[in-house]
Amino acid sequence: MKLTNMRQVTSNYSQNDLVNDWLGQKKPETVRAYRQDLESLTEWAPDAVETIVTADSGTANRVVARYKSHMVSMKLAPATINRRLAAIRSLVSLAKLFGLCQHDISIGNVRSQAYRDTRGPGRDAVVRMVEATSHPRDRALLVLLYNNALRRGEAVAMNIGDVDFDRQTIAITGKGRRESEQLTVSSQTLHALLGWIRRHPNPVLGAPLFVSLDNRSRGKRLTGRSAARIVRSAAKKAGTSATPHGLRHTAITEALEATDGDVRAVRKYSRHAKLDTLLIYDDSRQDMHGEIAKTISIG
């Protein structure tokens, strides 16, 4: 990241050093997201990071409040706004820990209604997406995401060595975790992964499982943004629309259908931290509002 006009906060410690130390504590996928978040902040105001870290509490919070208002006026998604605010709070928290400032950022998140549509594109649409995808890398990514309800960050962070064909497992590092966990996967998933690994440009255990095939970045680890483009492209070919998280939504909804609403079992499958989140999926699956409305409607 290039942060312009970053002054020394001590004789030998700059704010670029602070940013690097801050990012060094994060997982690779989080680093990419937070780096983009800070770049967005400096595009809005080149000296914003310097002001937020070194100014007094009132000034720093006023800058963040104005940035929040700017993002709202740009009609950014609440999740995007809140992630960017979280990045700022986290950076300032580390600066305070290091004795570089004495304040915190107290500007809160914007309100959002999480999981308004938890059903995703639907199983039939996902099947069409896979059938419409001919490249083994893209097909393997779609199958892996859907069959195991993975987040895109979990998928793109995998290495080839994280796939164990003998034990029929994969190793992923889940959201908010630093240690990997083993997941048993289906034969269909293993078949799709094997089809891609046989075509992989560098099929060694330590290599990223999913890599870019573009001439400019060939062989480098696929980014979350590129994974999203692959999913969108497959959805377009199948005559639908979808995101990586939409595939996860569909997988969880289908798992609830298959288990007759066993939210505890599906919680283990989806690796959600809170059971309440699965209840939202289950309510959406059953359309509780619609069923009750039909029962009591008049007129």
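Mentor: Before you start, a contact here means heavy atoms within 4.5 Å. Keep in mind, too, that this is a predicted model.

Trainee: Okay, what share of the contacts with a separation of 6 or more comes from residues 24 or more positions apart?

Mentor: Take the protein chain and keep its contacts with a separation of 6 or more. Then pick out the pairs sitting 24 or more positions apart, and their share is 60%.

Trainee: And how much of the protein chain is buried?

Mentor: Buried means under 20% relative accessible area. The protein chain has 299 residues, and the buried part of them comes to 43%.

Trainee: What about helix 11, is it enclosed or not, and how many of its residues are buried?

Mentor: Helix 11 covers residues 244-258. Its buried residues include Leu247, Arg248, His249 and Ile252. The helix is largely enclosed by the rest of the structure, because the buried count among its 15 residues is 11.

Trainee: How far apart are the end C-alpha atoms of helix 11?

Mentor: Work out what to expect: 15 residues at 1.5 Å a residue should span 21 Å. The model agrees with that, so the distance between the end C-alpha atoms is 21 Å.

Trainee: Which residue just after helix 11 takes a positive phi?

Mentor: Look just past the end of helix 11, which runs through residues 244-258. The phi there is about 55 degrees, and the residue that takes it is Asp260.

Trainee: Over to His103: where does it sit, and is it buried or exposed?

Mentor: His103 is in the loop between helix 5 (78-97) and helix 6 (123-131). The cut-off for buried is under 20% relative accessible area. His103 has 6%, so the word for it is buried.

Trainee: Which residue has its backbone oxygen 2.8 Å from a polar atom of the His103 side chain?

Mentor: There are two backbone oxygens to weigh up, and the one of Ala55 is reached by the side chain at 3.4 Å. His103 also touches residues including Val53, Asp56, Val92 and Lys96. The backbone oxygen at 2.8 Å belongs to Ile52.

Trainee: Last one: which strands stand at the edges of the open sheet?

Mentor: The sheet has 3 strands in the order 3-4-5, with antiparallel pairing. An edge strand has a single partner, so one side is left without a neighbour in the sheet; that fits strand 3 (163-164) and strand 5 (181-184).

Trainee: Then which residue of strand 5 stands opposite Ile170?

Mentor: Strand 4 (residues 169-172) is joined to strand 5 by 4 bridges, and the two run antiparallel. Opposite Ile170 you find Leu183.

Terms used
Residues numbered from 1 in each chain as written. Predicted model: local features only at pLDDT ≥ 70, side-chain atom pairs only at ≥ 80, totals over all residues. Heavy atoms only, no water. Buried < 20%, exposed > 50% of the residue type's maximum accessible area, 1.4 Å probe, protein only. Polar contact = N/O pair within 3.5 Å; in protein donor to acceptor, adjacent residues only side chain to side chain. Expected span 1.5 Å × (residues − 1). Pairing = 2+ DSSP bridges. Lists of a residue's contacts leave out its neighbours within four places in sequence.
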